[in-house]
Every structure is written in structure tokens, then in C-alpha cells.
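I set down here, in order, what I looked up in this structure. The entries go from single side-chain pairs to strands and then to the whole chain.

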Amino acid sequence: MGDTLFQSFREGYNPEAASIFREGDARCDENNELDYFTISSHRMRDRLELLGIDIDATAAVFSHRYAEIPEEYRPDHFDFDAWLEDGKESVRRIGWFYFDADSDWIESSVDIRYIIRAVIEMHEADVPVIWNLADVVGRGFVSPDPRLCEIELAKNRGANVATFPVLVLTEGSTDASFLSGALSLVYPHLVDFLKFMDFGVGAEGGASALARTLKSFAASGVANRVIAIFDNDTAASDVLTTMNLSLPSTFRVLQYPEIDLGRNYPTIGPTGRGVFDVNGKAGALELYFGEDVLKGLTGELAPVQWTGYVKRQNSYQGELLDKGRLQKAFRRKLDGAIARGGIHPEEDWSGVIAILDRIRCAFQGSPT
């Protein structure tokens, strides 16, 4: 990582590393044979934290592994925070951290993914993370196939939940399609690590249907981590209030986040037009399409129509008018951004990014 070197093998590789690299990270020689994998440290951090490997979990794993090592094979004392600070100071002073003799137990005992997460923390700058396999490939110990990681994962699907993509359940196929497309644009390095479940045209949608799907997934014993993300509206809150379901620790239930745009939003009700905070009452995906889509050609925000009153929530449900037009406009915006390979500075993606960030951070602070 940068100029910091750690963990080497003479005749193979650490298979745990294969769970966090992908074919898109591979670099090949002139014969199209695998040379090394590379990704930026900040993008690797995103991948690791999606898997629950944040710095707090890393500290816990280091301390636990130290306690398990026989005394004759470990230093007399180990404090993760102090060790990490020594690493930060070393990188600031000379540009790298040296895994000295007192660190031998780390490389042989701690999961490489946690080691990588710790070394990322030592580097303030965004630096390359390189998994160099040229030597063992050249001597015939490792296949030169750049799909090495995918092949390794296929062999070890049942070994560790952190090797599986995180499954994301939404209230409808439109949500899944749009968020999946936006992920490829905003966080392309997470595409292989998040899978939005699309049950196809005609599948039942809405909060109640998502709750039933969530219950089915929980009962199935699925090995993947699962995120169910509901709309930020009255109907979803009502379902969540009444949903009595014990979920595995690998499940998360979320709602779309509140956004500033929704705090003073035009609405239409029985008494006429008004401006209200529609967060928590009308936060379907369309509300997150961005001001450029919601204003359209008229320059005025598409209003929310208040519909039925939900007694348990003591609140009305709201829905954006002309949702079909808004969806078509966002599809054009998404397709255009993907075609040109990036977001235009004048486009508003803040709402969709807020949703993706809520999903991306769902497992932070949880053990892998």
C-alpha cells in the first residue's frame, strides 16, 4: 500500500485477499497473463466497510487475535491504538510502515482484510493498494487467469459471509433498477459487492410486499448479508411499526434518508396548496431524483398530493404527481450520465447519493 509492504508468499497466495479484489482490478502483462491487482486505498476502504470491516471492528480483531497467540510467539504487550499511531507517524515521517519482528504474529494470525484496513488508516492520502502475484504466477504456482478472484470465490462460497455480495431489497423493481444503475455510476467499485434484487415486471410492490419478502429471506437462512430499504413515507412507517419480525444479525432494515429538498416542499391537499416537510410522509424514490428532474421544463417542483390518512401514524400519505413522467426523465438522466461516463456538474444527484450512502454504511460497526 503506497510504499508499505506486507505479507508475502513464496508458492501461492492468501485466498482471503481474493474476496476483496475483482477482475476489473487486474493488470496483465503483454501476454494477457495476470501480473497484479490494484485499487485505490479509499475505494478499498469502501469495500471493506461495506463488509463490516471498519476501524473499530479491526481493532477488536487485532486485540482478540493477540490474546489467542501463545505468549512465546507474541510481544509482551500490544495496544492497537498505539500501534496504529506508530504506523501513522512512520508513514508521515518516512513514507512507509515497517512490519518488524514484533509484527510477525500479525501477518500470520490476522485476516489479511483487517490488516489492509489497518494499513489504510495509517495512510492519510489515497494511495494504490497492490496485490502483486507476478512472482508466483511466473514460477507456475498460481494461474495467470485475471479471473482468479472470481474463481476463488466460486470455490469458497460457503466459507465466509463476507465473501458474498450484500443483497438489497427495495419496495419495487423500479427502485432496484434505478439504484443499481446509479451505483454503477457513483460507486462503480462497489458494483460486485451490492446486488439489488429485481423480481421482475408484475411483481407486487410496496411496503407490505417488501416486509413479506424480508420475512421470506429471513426464514430461508440465506448466507448473504441482506438490506431491506423502505421508502421514507407514511405507508412504510406504518408497516415497520406493525412488523413483528426477529431478524438475523446479518440483516438490516432501513428507510430512505431525510433530505433538505423535502423540508419545504409544495403539496396539494383538500384545503388547497401549501408548503410542508414531506420527509417521512412522501419520500418515495422519485423525491430523490434531484431538483433538475423534479422541476422539469416548467421550473417548478412537481407537487406532492396528499392521499389517505393513516390513523396509526397520525399522518397523511403523500405521493408525487406525474410519477411516470419523472421516472422517464430520471432514466434519461441516468442513461446519459452512464453513456458519457460521469455526472455533469449541473445535475443534482444528492438525493440518490444519500440513499446509496445509507446502504453503503449499513453494516459499519458490526462484526464480520
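**Entry 1. A pair in a helix**

With which residue does Lys88 form a salt bridge? Before answering I noted that the model is a predicted one. I found that the partner of Lys88 is Glu85, with 3.5 Å between the closest N and O atoms. I then looked up where the two residues sit: both belong to helix α3, which covers residues 80-94. They are three residues apart, about one turn of the helix.

Next I asked whether Lys88 is buried or exposed. Its relative accessibility is 18%, and the limit for a buried residue is under 20%, so Lys88 counts as buried. Glu85 has a relative accessible area of 41% and is therefore partly exposed. I also listed the contacts of Lys88 beyond its neighbours within four places in sequence, and these are Glu121 and Met122.

**Entry 2. A second pair**

I turned to Asp135, which forms a salt bridge with Arg139. The closest N and O atoms of this pair are 3.0 Å apart. Asp135 counts as partly exposed at 46% relative accessibility. Arg139, at 39%, is likewise assigned as partly exposed.

**Entry 3. A pair far apart in sequence**

Which residue meets the side chain of Asp46 in a salt bridge? I found Arg360, with an N to O distance of 3.5 Å. Asp46 lies in helix α1 (residues 41-50) and Arg360 in helix α13 (residues 350-360), so this salt bridge ties together parts of the protein that are 314 residues apart in sequence. I checked the burial of both residues, and Asp46 and Arg360 are each buried. The pair also belongs to a network of salt bridges that links Asp46, Asp357 and Arg360. For the protein I recorded a count of 21 salt bridges.

**Entry 4. Strands β1, β2 and β3**

I followed the pairing from strand β1 (residues 26-28) onwards. β1 and strand β2 (residues 34-40) run antiparallel and are joined by three bridges. In this pairing, Ala26 stands opposite Phe37 of β2. The two strands form a hairpin with five residues between them, and there Asn32 takes a positive phi near 60 degrees.

To which strand is β2 joined by five bridges? I found strand β3 (residues 128-132), which runs antiparallel to β2. Here Ile39 has Val129 of β3 opposite.

**Entry 5. Cys28**

I gave Cys28 an entry of its own, as a residue of β1. With a relative accessible area of 32%, Cys28 is partly exposed. Leaving aside neighbours within four places in sequence, I listed the contacts of Cys28 as Glu33, Leu34, Asp35 and Pro146. I also looked up the separation of Cys28 from Val142: the two are 114 residues apart in sequence, and their C-alpha atoms are 14 Å apart in space.

**Entry 6. Strands β9 and β10**

How many bridges does the pairing of β9 and β10 have? I counted five, in the antiparallel sense, between β9 (residues 265-269) and β10 (residues 272-276). One bridge places Ile268 with Arg273 of β10 as its partner. The two strands form a hairpin, with two residues between them.

**Entry 7. The whole protein**

I closed with the overall values. The protein has 13 helices and 13 strands. Its C-alpha atoms fill a box of roughly 75 × 45 × 40 Å along the principal axes. Of the 368 residues, 48% are buried.

I then considered contacts between residues at least 6 apart in sequence, and 74% of these join residues at least 24 apart. The salt bridge of Asp46 and Arg360, noted above, ties together parts 314 residues apart.

For the surface, I recorded an exposed area of about 18100 Å², of which carbon and sulfur atoms supply 48%. Where do the charges lie on average? The protein has 37 positive and 56 negative charges, and the mean positions of the two sets are 7 Å apart.

Technical notes
Residues numbered from 1 in each chain as written. Predicted model: local features only at pLDDT ≥ 70, side-chain atom pairs only at ≥ 80, totals over all residues. Heavy atoms only, no water. Helix = DSSP H or I, 4+ residues; strand = E, 2+ residues; numbered from the N terminus. Buried < 20%, exposed > 50% of the residue type's maximum accessible area, 1.4 Å probe, protein only. Contact = heavy atoms within 4.5 Å. Areas by Shrake-Rupley, 256 points an atom, 1.4 Å probe, with all protein chains shown as cover. Lys, Arg positive; Asp, Glu negative; His and termini not counted. Charge placed at Lys NZ, Arg CZ, Asp CG, Glu CD. Pairing = 2+ DSSP bridges. Salt bridge = Lys/Arg side-chain N within 4 Å of Asp/Glu carboxyl O.
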